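Hi there,

Here is the structure I promised to pass on to you. Have it open beside this message while you read.

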Amino acid sequence: MPTGRSASPGGTQQDSPPALRPAHVDPVPLAEIAALLGLPQDGLEDAPAVMGVTIDSRAVLPGDLYFALPGASRHGADFARQAVDSGAVAIVTDPDGAQQLALSESSVEVPILVLDAPRAAVGGASALVYGTHGGRDTAALTLLGVTGTNGKTTTTYFANALLRALGHRTGLIGTIEISAGGEPIPSRLTTPESPEVHALLAVMREKGVDAASMEVSSHAIEFGRVDGVRYDAVGFTNLTQDHLDLHGTMEDYYAAKARLFTQERAARAVVTVDDAWGRRLAAEAPIPVTTLRTEAAGPGEGADGADWTVVDPRRSGVGTAFTLRHTDGTVLRVRSGLPGGFNVANAALATLLVLAAGATVHELQKALDADPFTVEVPGRMQLIGTAPAAVVDFAHNPDALERALDAVRPAGAGRLIVVFGATGQRDQGKRPIMGAVAARGADIVVITDDDPHDEDAAAIRSEVLAGASAEAAEHGLRRRIDEVAPRAEAIRHAVSLAAEDDVILVAGRGHESYQEVKGVNLVLDDRLELRAALADHGRPLAQEHPGFPSAGADALESDAQ
């Protein structure tokens, strides 16, 4: 019989993170885990069974296997005593950690398993303990993964909505929230660490969730956060400059993304081939690939050749109705309720991911007719005011900013006002590029702070400002370019300049409600600030939707990776 245990936080520290665990697990013999890790099982026959996995000593629950991993400044072995005191029944570490434990004055009297690269084993061990490969007495979820530079969040929200329209009980793991068939759980990383991912999948299964969608960032792949997870279908949105602070080059960035499209991680894939990276991925992926073209082929790109193509896009409210056409003549009629061509691409990719995961064309069309993609995605093209139209969007790199500006550009004589900044301690090369994009695309450019982190905020603004000013000067663009800080004041400045037929775009932070400055998290939500500024100027506001943040709401820090 499965054994239950409390899913309350473990550890002794008051700031211990909450541990979301399944209520019941089948205990796994430590010898079975050792065998999975390729280690001898001698002497482990009588060891306590394992009932959970963690890499965080503060989150240990009784029965856990604690992975003591090397970190940037401290080794996980430093916290082994705390982990054991909280109930860890065994430790996995590297040779350095094992030596540290051997020399420690406070011995830990639990089995210690030693691997040269223990981080690479965390995902597999977690999958075994939580049964997330569909083993033992449980069935696996239908699991979709979405990666790419831009569009991951919206595509997973769209896929989630479409799965619900098909009658599934759904789960979601992403930048904005984690949900397991019930109330949303705040998310701090685009993808949690692998033990949390597998525990979440097990919780979803317990709650009757039978289909889930997950954002998969390059950080998640690089740091092993999705190790041990196998998706029914994975989707690729696009690849543009971002996160080069981690990857160094676009080639390495692509290589990280491409590791999701392997037989170990996914059964099949849907790849958007609007850019050269997507076309390359479709050609190189060793799994079955369905290709999607959402834009007309450009000069030198050759014949279209995609399996599915977006045709006949037309305005429908603030969104777009379009047709997805297969090369065999099959068609699907789709509508995105969010503005912009990129949301057409997101809706098309979500549709084909659900199709690749097993839905039939007939089932899909019936669900699509219910308009599932008219769903508000927090901080993604989120309408805050109506006259002027005032929008908050997460666009935080050059390509996303350019597409966002195109999406909200006024159809008539109104001006486009953009408020944005650049993140500190991230890819510095994109800062002047973003400034140039803003100068090309907006009539009034208000440059302010994003999350400076530990960098000097004024220095970051100056790099963005230099790019905007150079672009305007080179092309003779008559632009008003203002530098205003702090960010809340910049938003109020933009509202003060706007006329009724203008459009204000506040870009870069989307749903985020903390701004990190010199290690301090300051409460700041663009949606709340913009709404307050519009109200103070007597401007009409858009209708609030369920889940819209309030001044008393708990703030949420997102890594946006």
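Below is what turned up, going from a sheet to a helix and then to some single residues. Please keep in mind that this is a predicted model.

**The four-stranded sheet**

Let's begin with an open sheet of four strands, in the order β3-β4-β5-β6, where the pairing is parallel. Which strands stand at the edges of this sheet? They are β3 and β6 (112-114); each has a single partner strand, so one side of each is left without a neighbour in the sheet. On average, neighbouring strands here are turned by 20° against each other, if direction is ignored.

Have a look at the pairing of β3 with β4 (residues 64-68): these two strands run parallel and are joined by three bridges. To find your way there, look for Gly52, which stands opposite Asp64 in β4.

Helices also pack against these strands. Helix α3 (residues 95-103) packs on the sheet and touches β5 (90-93) and β6. The direction of α3 makes about 130° with that of β5. Helix α4, for its part, lies across β3 and β4, and runs at about 155° to β3.

**Helix α6, an enclosed helix**

Next, please find helix α6 (residues 194-206). How far apart are the end C-alpha atoms of α6? They are 18 Å apart, and this agrees with the expected span, because 13 residues at 1.5 Å a residue should also give 18 Å.

Why is α6 described as largely enclosed by the rest of the structure? The reason is that 10 of its 13 residues are buried, and a residue counts as buried when its relative accessible area is under 20%. Among the buried residues of α6 are Ser194, Pro195, His198, Leu200 and Met204. The elements that cover the buried residues of α6 include β3 (52-54) and α4 (119-130), which you met above, along with β7 (142-147), β8 (170-173), β9 (177-180) and β11 (211-215). Just after α6 comes Gly208, with a positive phi of about 85°.

**Two residues with positive phi that are not glycine**

Asp312 is not a glycine, yet it has a positive phi of about 55°. Asp312 belongs to strand β15 (residues 308-316), and with 48% relative accessibility it counts as partly exposed.

Lys518 is another residue other than glycine with a positive phi, near 55°. You will find Lys518 in the loop between β24 (514-517) and β25 (520-523). Is Lys518 buried or exposed? Lys518 is exposed, as its relative accessible area is 52%.

**Two cis peptide bonds**

There are also two cis peptide bonds to look at, each leading into a proline. One runs from Ala387 to Pro388, with omega near 5°; Pro388 sits in the loop between β18 (382-386) and β19 (389-393). The other runs from Ala485 to Pro486, again with omega near 5°. Pro486 is in the loop between β22 (480-483) and α16 (487-497).

**A buried arginine**

Stay with α16 for one last stop, because Arg487 lies in that helix and is buried, with a relative accessible area of 0%. What does the side chain of Arg487 make a polar contact with? Its partner is the side chain of Asp526, at 2.9 Å.

Enjoy exploring, and write back with any questions!

Best wishes

Conventions
Residues are numbered from 1 along each chain as its sequence is written. This is a predicted model: local features need pLDDT of at least 70, side-chain atom pairs count only at pLDDT 80 or more; totals for chains, interfaces and linings use all residues. Side-chain values use heavy atoms; hydrogens and water are left out. Buried means under 20% relative accessible area, exposed over 50%, partly exposed in between (1.4 Å probe, protein chains only). A polar contact is a pair of N or O atoms within 3.5 Å; within protein, one must be able to donate a hydrogen and the other to accept it, and residues adjacent in sequence count only if both atoms are side-chain atoms. The expected span of a helix is 1.5 Å times one less than its number of residues. Contact means heavy atoms within 4.5 Å. Two strands pair if DSSP finds at least two bridges between them. Axes are lines fitted to C-alpha atoms, for helices over the stretch in contact, and angles run from 0 to 180 degrees between N-to-C directions.
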